[in-house]
Amino acid sequence: MAGNNSSPTYNSAKTKSSFNGYFKKSKLFYSALVTLLCSFSYFFGVYQNTHSNGTTGTTSNTKNCLPVKTQTSLEPIVTNLDFSSRHSGNEDEKPSTSTTTSDMVSENVYDFPPCDIKYSEYTPCEDLKRSLQFSRDKLIYKERHCPEKRELLKCRIAAPYGYKKPFKWPQSRDYAWFANAPHKHLTVEKAGQNWIRYEAEQDRFRFPGGGTMFPNGADKYIDDIGKLINLKDGSIRTAIDTGCGVASWGAYLLSRDILTVSFAPKDTNHEAQVQFVLERGVPALIGILASIRLPYPSRAFDMAHCSRCLIPWGKNDGQYLIEVDRILRPGGYWVLSGPPINWRKYWKGWKRTREDLNSEQSEIEAVAKSLCWKKFAENGDIAIWQKPLNHIQCKSNRKLGQNPSFCQAQDPDRAWYTKLETCLTPLPNVSAETDIAGGKLKKWPERLTATPPRISSGSTNGITEKMFKEDTHLWNKRIAYYKTKNYELKTKGRYRNLLDMNAHLGGFAAALSDFPLWVMNVVPNEAKINTLGVIYERGLIGTYQNWCEAMSSYPRTYDFIHADSVLSLYKNRCEMEDILLEMDRILRPEGGVVFRDDVDVLLKAKSIADALKWNTQLLDHEGGPLIREKILFGVKTYWTAPSAQEVSL
């Protein structure tokens, strides 16, 4: 029985040796086969990327096309990316006229030479020469008129010689380097109104805080407004300043936790006013009230302001005040100072007749009444109207055929190249006269994290309260990850002007709310869901934008740009290189960039960014290397136009 318990085959030493030899040969054969197949797959992938990844007329840079599937981590691509700024304007620093880039820049087909110095302040969609082709009627020629594709610049816009890192906030509110915006016209034209002064010894501008109607300073003027409406309890958080000058009103409101979007047209009469605003570290865009809507959703602002902004509010069937009504929140305030307010005191200085000024004020009062606004207060140089909480009484008291009529079948939030109308934007329905149309907002700062009424009411299709809370948590996590890679994001004051190119619910900005900075939250016109109204209900600011076109802003506007899935959104809509060239235009020297996108998209973006002379680093998603979405960090290198002496040589 014992002999039956052992196998005559497998207990044989000879047979066992024969099996082991066969196994070793098979293992060697399969290992060689696997190696051959992997090598073939790798080289086929490189070949395929080389021939299919480029745009028309270009070929991808194969040295930047990494075999992602065989790579466990992307972090070693570039190490020690330096986000720090060095060009602070010290006297012993000499700006470089050459460019430097990372050691990882490799040969590619993209080439973006420096533009001619005449383009140093080029704003493509507000180009003064192009504007002359358009109608003067209603100032249409001062609106956005973008270049056609064949007219787009394919070069890098230079900073002026001597460009320096702007002053840090809050010092920047009061000072800006002359070299960064070399225009003295306003120092002469507005010399008696305390807008701006030039200090020759320091070669800088000083902003005393004055305005045409507040030569004694914006702070005192704001105090006067604060005696009429409450600016301290957090109920007023977002504001808009039309015809802003150098935006001292908005600049001084920031210390009161009121975030203001300032805008003014680009023209020769008030040279570089918006450029000065941005150098001061204050939110602003180039813009004008003419024939199209302002690029903001309905019910966006708690307060609107005009201090001698020269807008004919009572003309053109009141359409400019009707537009203010559209973007003003229920219960919001419109503040007006300057002509025709207090005309009995100023009519001689304004060089206008009593009859003319009285007629203008009567027109404004009539339009405001037709919008169902009430005159809230008038004291000295300041008049304030208030928009109703809802339209119950407005509709019941309205006479048949009274103008303006309520708009029909209109999207009140649509505001990208949308024509102004002369109808009144209806507020959301309510059940009682004391209800706030659209829902009551929390006071700031609770407003930032509370669920916005547009979400809790279900009026923002596709976004739930749960999704909102998850988005807030997600962006807190992502910002924490960003700070481990860009240590400058941890440094309060390093970045002041930020841009989020695809803001969604404003989570990026909300996660940075403890820092002394502001974020311009962009909702692309092509986004599937229009969420800009949600962003404003959080107490944040933003604008609409089509990224196939240039932004209504000066070169070197932003210290930091965030681009989440922007490049994928515009795939097949316009060239990726044009989007990155626009980013390069509006990014300050030594400014930071973060892209989030699919790895294949970012590999191409990296080759373009390297050609723009940015230092770049491709990193894994914060969730790990197995996720296709990756993160591309970049820093725009410091370089300027040559000096006048170098040019003459």
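In which sense do strand β8 and strand β10 pair, and over how many bridges? In this predicted model, β8 (residues 328-337) and β10 (residues 382-386) run antiparallel to each other and are joined over 5 bridges. Within this pairing, L336 has A383 of β10 as its bridge partner.

The two strands belong to an open sheet of 7 strands with mixed pairing. Read across the sheet, the order is β6-β5-β4-β7-β8-β10-β9. The edges are occupied by β6 (284-286) and β9 (374-379); each has a single partner strand, and therefore one side of each lacks a neighbour in the sheet. From one strand to the next, the twist averages 20°. Helix α7 (residues 319-327) packs on this sheet, where it touches β4 (238-242), β7 (301-307) and β8. The direction of α7 makes about 135° with that of β8.

Strands β7 and β8 are also linked through their side chains. R329 and D302 meet in a salt bridge with an N to O distance of 2.7 Å. R329 lies in strand β8 and D302 in strand β7, so that the contact connects distant parts of the chain, 27 residues apart. Both R329 and D302 are buried.

The salt bridge between R329 and D302 is one of several to consider, for the count in the model comes to 38 salt bridges. Side chains of opposite charge can pair when their charged atoms come close. A second example is formed by R352 and D356, whose closest N and O atoms are 2.9 Å apart. How accessible are these two residues, buried, partly exposed or exposed? R352 has a relative accessible area of 24% and is therefore partly exposed, since the buried class ends under 20% and the exposed class begins over 50%. D356, at 36%, is likewise partly exposed.

A third example involves E622 and R478, with the closest N and O atoms 3.1 Å apart. This pair too links distant parts of the chain: E622 sits in the loop between β16 (614-619) and β17 (629-636), whereas R478 belongs to helix α13 (residues 465-485), 144 residues apart. E622 has a relative accessibility of 17% and so counts as buried. R478, at 10%, also counts as buried. The contact between E622 and R478 is part of a network in which salt bridges that share partners join R478, D564, R596, E622 and E629.

Technical notes
Residues numbered from 1 in each chain as written. Predicted model: local features only at pLDDT ≥ 70, side-chain atom pairs only at ≥ 80, totals over all residues. Heavy atoms only, no water. Pairing = 2+ DSSP bridges. Helix = DSSP H or I, 4+ residues; strand = E, 2+ residues; numbered from the N terminus. Axes fitted to C-alpha atoms, helices over the stretch in contact; angles between N-to-C directions. Contact = heavy atoms within 4.5 Å. Salt bridge = Lys/Arg side-chain N within 4 Å of Asp/Glu carboxyl O. Buried < 20%, exposed > 50% of the residue type's maximum accessible area, 1.4 Å probe, protein only.
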